[in-house]
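This report covers two helices and the cysteines of one model. The sequence and structure come before the text.

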Amino acid sequence: MMFRKIFILILFCFVATPVVRAQSAYEAYSDSLQALYRQEFPERLSNMADELARYSEWRKRHTMPTIADVVTVERVKVVDQKRKDARKAYADGALDAELLEQAGNILRTMPDRALLYVSWPDLYTACLALQEGMERGEVVKAGIRRDVVVVSHEFFQGGQYTDEMLAALGVDRQLIADELDAIRFAGADGADRVTFVNAYELSYRLYALLKVAKRSNRTFYSDYNGVFNIQANELVSCFYNEGLVIRYSETPYDNISVMKHNALEAYRLQFLLSPDAQPDHEPAEGQQEMENMCATMFRGLLPYMKDEGDDEAFAACVEYLRALLDYRLHHWAPDFREQYRRDAEAEIRKLQSSPSTSSPE
């Protein structure tokens, strides 16, 4: 699953950069990659019109549960328990150090009072652990970025966790009643949703989260997996890659400058330059996604750094990209990894031999 996502990850890297410049050669791969993906995995690109029609007929035959039902709150609330579990996971050494570093990178670069959707359970737990503050032995670290609301996949189950998160945001559950209904419908036909969520359901997840973000006056961010395969065409042009997360913005902005700042100044990524102490260790799914995002981020920045004439930044991106391919990304299929390496090296050589397009000072 992760290997397949690498192709689509490239498509999303610069899906909305209208204020920067025309597509680079790297970005121009998107059309052919998208065509390939549609040919290989047509079942993952469900027809929205057909899905909506099916949903309409299904809803006529089914009585929806009352959204306004009061959910009994346990003595230990769901969210409180999750935070408690996150602190324990850190204390027990169950959270990978690199995953914690990447979770910190995400949280530290969030704008004030952002709403962050995290789809991977291990990355979600790491974010909570950092927000809660961590203890291990005599080492005690204060919590960071408690102003950022981090939401997990369980938000879409419509239970107690959903109610608690909405209450914390000051939002009435009725606001997303239709979206929760549609999500429930998407899995009601008995299809296997364990390893894949169809594009129809995914779109309604985003509708729900965006409604909540807007009503609570928060900027919406998601990890890449959270917006994977989105089919809501009116939303696609509003997603901007800032490095390790995707931001929703209806106002165009220079996300490339934000990504450059994050990659080379804000993120703490020096650990990527060191050989992995456990080369045979399979990283957790959240860490795999972070490694994928880093590879796409540094490779994607190369043509921009070249155009700007920033040789130091270009060299740093090359160093990070090569280190990722040498020391990490073990979850990639070997053939794909080597092909990616060859393509990246060819692109680096081409950019190095081409003149900069930046204006001389």
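## Helices α5 and α11, and the cysteines

In this predicted model, the buried residues of helix α5 are Glu98, Leu99, Leu100, Gln102, Ala103, Gly104, Asn105, Ile106 and Leu107. Nine of the twelve residues of α5 are thus buried, so the helix is largely enclosed by the rest of the structure. The elements that cover these buried residues include the helices α4 (78-91), α6 (121-132) and α12 (285-308), along with the strands β1 (115-117), β2 (134-136) and β4 (149-151).

Helix α11 has a shorter list of its own: Asn255, Ile256, Met259, Asn262 and Ala263 are its buried residues. Viewed down the axis of α11, they fall within an arc of 125°, so they line one face of the helix.

The spans of the two helices are set out below.

| Helix | Residues | Span between end C-alpha atoms | Expected at 1.5 Å a residue |
|---|---|---|---|
| α5 | 97-108 | 16 Å | 16 Å |
| α11 | 255-266 | 14 Å | 16 Å |

Both helices have an aspartate contact at the start. For α5, a side-chain oxygen of aspartate 96 comes to within 2.9 Å of the backbone nitrogen of glutamate 98. For α11, aspartate 254 caps the N-terminal end, with a side-chain oxygen 3.3 Å from the backbone nitrogen of isoleucine 256.

How many disulfides are there? With a cut-off of 2.5 Å between cysteine sulfur atoms, the count is zero. Cysteine 238 is buried, at a relative accessible area of 10%. Cysteine 317 also counts as buried, with 0% relative accessibility.

Notes
Residues numbered from 1 in each chain as written. Predicted model: local features only at pLDDT ≥ 70, side-chain atom pairs only at ≥ 80, totals over all residues. Heavy atoms only, no water. Helix = DSSP H or I, 4+ residues; strand = E, 2+ residues; numbered from the N terminus. Expected span 1.5 Å × (residues − 1). Buried < 20%, exposed > 50% of the residue type's maximum accessible area, 1.4 Å probe, protein only. Contact = heavy atoms within 4.5 Å. Polar contact = N/O pair within 3.5 Å; in protein donor to acceptor, adjacent residues only side chain to side chain. Arc of directions from axis to C-beta.
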